[in-house]
Amino acid sequence: RRVHGDILSVYFFSLFLSLSLFFSTLLLLAQCTLAGTMDCECCTTPYRDATVAPAQPSALFWVPRIEPNMTRCTRQFFERNVLDYDTKIADGFFDPGRALGVLMPLSALLYNAQPNNRRETIVIDIRSDTALVRFTNSCDAMLKSVSSAKTRAVLLALAVSNFMGGITDDLPRRGEEFVQQLQQKLGINVVPIGQVQHGVCRHRSLLFKYMCDRYSIPCRVIRGEYQHRSDGSLSEGHSWNLITVDGQQWLCDIMHRPGALFDESEEKVQHYRRHVKNRGLVELGGAGMMSLPLPLSNQQPHASPANPESACALTQRCAAAINENAALRVRLGEAEREIRIKDLQIERLVTKLLKLDPRTVL
C-alpha cells in the first residue's frame, strides 16, 4: 500500500505540472495575440504594429546604434552638398537633408523627433540593417566574375535601381509615400537605407556611392538641382553621382537613366547644377565634373624623370611655355586697346550721324 501510494502521488504531481505548463502556454499566446505582435518582412525580429500602439525605439524591428561622434563624411555632405572621391561612406553615416539649419547628433534626431512631414534622416547602418547586408551579399555574388570597373559600375547602378523600385512614371510620388509609411511604422524620422523599397534620388545616390566605395570604384555624390529647361525656369531638387574610370569622369543618374554613363561633352550634363554653400547662401555650380577639382589621390601620377637630362628638358619646356603665355598676354592687351579705340571711333561717328538733318542725309 505504501508503494502504491507513492506511485499515485508522483503521478498526480506530474499531471499537475503538465496542466500548469499547458495553461501557462495558453496564457502567453493570448497575451501575444492581444499585443498584436507580428514578424516583419525585412527581418525575423518581432516588432509591434503601429496600428495597435505607438512604436517605441525598444520595439522596433530595426534599432539604430547611437554613435558618440559624427563621421567625417556626414559633416562634409551636410556642409558642402558633396561626398568626394576620397571620402568613403562610413558605418553610422546619416543625412538629415539640406533644409536642416544646424547639423544635430543622430541621438537628437532619433529620440527628439516624432514622425512628421519633414524629410526623413537616412542612415547607413552596416551592422544592424539586415536588408542592406543582404543587398551587398547579392552584389558580391553578381560581381564575382566581373573585373572591369566600368562594367561593375553599370551593374551596380542597375542593381540599386531594381532594389529601390525600378523606374516608373509615378516613382517620385510612390517613393515619398513609402518613406512616410515607413516613418510611421518606425515611429521616428530616422530611416535605414536598406528598408527603403521605393527610393528616390537621395536614397539611390547614397546607396550607389556606398556600393562603389565597397568595390574601390572612385565615386562622388552631389546634391543640387536638375533644370528641365536651359533658362532654369523649371527645376527640381536632385542628387546624382560621378564616377572616374581609367582617368575619365562619367555622370551617373540612377533616378532618370540607371545604367547610362554621360561624359562632360553631352548636352544632358548641362542640366545638372550643384548647390554651393557660400557664407550661408546657396549658389549654383556646374554638374561637378569640371567645377569641382579632382582630389590629389585620384589624379594621374606624374612619371619621375629617368635621368637629369630629361628633367632639364622638362624645365626648358616649362620656361618656354611661360614665355609664350606672357607673349600671348601682351598681344591680348594690345588687341583690347585697339578694340577700345575702335569703339570710341564708332561712338563719335554715331553721334555725328544723330546730329545731321535726316532730309540733308537723304
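**Entry 1: Thr 87**

I began with the neighbours of Thr 87. Leaving aside residues up to four places away in sequence, Thr 87 touches Arg 72, Cys 73, Gln 76, Lys 209 and Asp 213. I note here that the model is predicted. I then looked up where Thr 87 sits, and found it in the loop between β3 and β4. Is Thr 87 buried or exposed? Its relative accessibility is 2%, so Thr 87 counts as buried, because buried means under 20%. With one of its neighbours, Gln 76, I found a polar contact: the two side chains are joined at 3.0 Å.

**Entry 2: helix α2**

Gln 76 led me to helix α2, which covers residues 72-80. I listed the buried residues of this helix: Cys 73, Thr 74, Gln 76, Phe 77 and Phe 78. For Cys 73 I also wrote down the relative accessible area, which is 2%. Just after α2 comes Asn 81, and I noted that Asn 81 has a positive phi of about 60 degrees.

**Entry 3: cysteines**

Having met one cysteine, I looked for disulfides. A disulfide is a covalent bond between the sulfur atoms of two cysteines. How many disulfides does the count come to? The count comes to 0. I checked Cys 212, whose closest cysteine sulfur is in Cys 219. The two sulfurs are 4.2 Å apart, and this is too far for a bond, because a disulfide needs the sulfur atoms within 2.5 Å. Cys 212 is buried, as its relative accessible area is 0%.

**Entry 4: strand β7**

Next I looked up strand β7, residues 219-227. I found that 9 of its 9 residues are buried, and I recorded the strand as mostly covered. Strands of a sheet pair through backbone hydrogen bonds, either parallel or antiparallel. I then went through the partners of β7. Strand β3, residues 82-83, is joined to β7 by 2 bridges, and the two run antiparallel. In this pairing I found Val 82 opposite Ile 222 of β7. Strand β8, residues 235-245, is joined to β7 by 9 bridges, again in an antiparallel arrangement. I noted two facing pairs between β7 and β8: Glu 225 stands opposite Gly 237, and Gln 227 stands opposite Ser 235.

**Entry 5: strand β8 and its hairpin**

I stayed with β8. Why is β8 described as largely enclosed by the rest of the structure? The reason is that 8 of its 11 residues are buried. Strand β8 is also joined to strand β9, residues 248-252, by 5 bridges, and these strands run antiparallel. As one facing pair I wrote down Thr 244 and its bridge partner in β9, Gln 249. Strands β8 and β9 form a hairpin, with 2 residues between them. In the turn I found Asp 246 with a positive phi of about 55 degrees.

**Entry 6: an open sheet**

I looked up the sheet that contains β4. It is an open sheet of 3 strands in the order β4-β5-β6, with mixed pairing. Its edge strands are β4 (94-95) and β6 (190-192), each of which pairs on one side only. Between β4 and strand β5, residues 121-123, I found 2 bridges and an antiparallel run. Here Phe 94 has Val 123 of β5 as its bridge partner.

**Entry 7: two packed helices**

Two packed helices are described by the angle between their axes and the distance between the axes. I looked up helix α4 (residues 130-142) and helix α5 (residues 149-163): they pack at an angle of about 145 degrees, and their axes are 11 Å apart. From α4, the contact is made by Ala 131, Phe 135, Cys 139 and Met 142. From α5, the contact is made by Leu 155, Leu 156, Ala 159, Val 160 and Phe 163. I recorded the crossing of α4 and α5 as right-handed.

**Entry 8: Val 276**

I found Val 276 in strand β10, residues 272-278. At 24% relative accessibility, Val 276 counts as partly exposed. I compared its place with that of Arg 80. The two residues are 196 apart in sequence, but their C-alpha atoms are 6.6 Å apart in space.

**Entry 9: the whole chain**

I ended with totals for the chain. It has 9 helices and 11 strands. Of its 362 residues, 37% count as buried. I also looked up contacts between residues at least 6 apart in sequence: 62% of them join residues at least 24 apart.

Key: Residues numbered from 1 in each chain as written. Predicted model: local features only at pLDDT ≥ 70, side-chain atom pairs only at ≥ 80, totals over all residues. Heavy atoms only, no water. Buried < 20%, exposed > 50% of the residue type's maximum accessible area, 1.4 Å probe, protein only. Helix = DSSP H or I, 4+ residues; strand = E, 2+ residues; numbered from the N terminus. Pairing = 2+ DSSP bridges. Polar contact = N/O pair within 3.5 Å; in protein donor to acceptor, adjacent residues only side chain to side chain. Contact = heavy atoms within 4.5 Å. Axes fitted to C-alpha atoms, helices over the stretch in contact; angles between N-to-C directions. Left-handed = near helix turned anticlockwise from the far one by under 90°.
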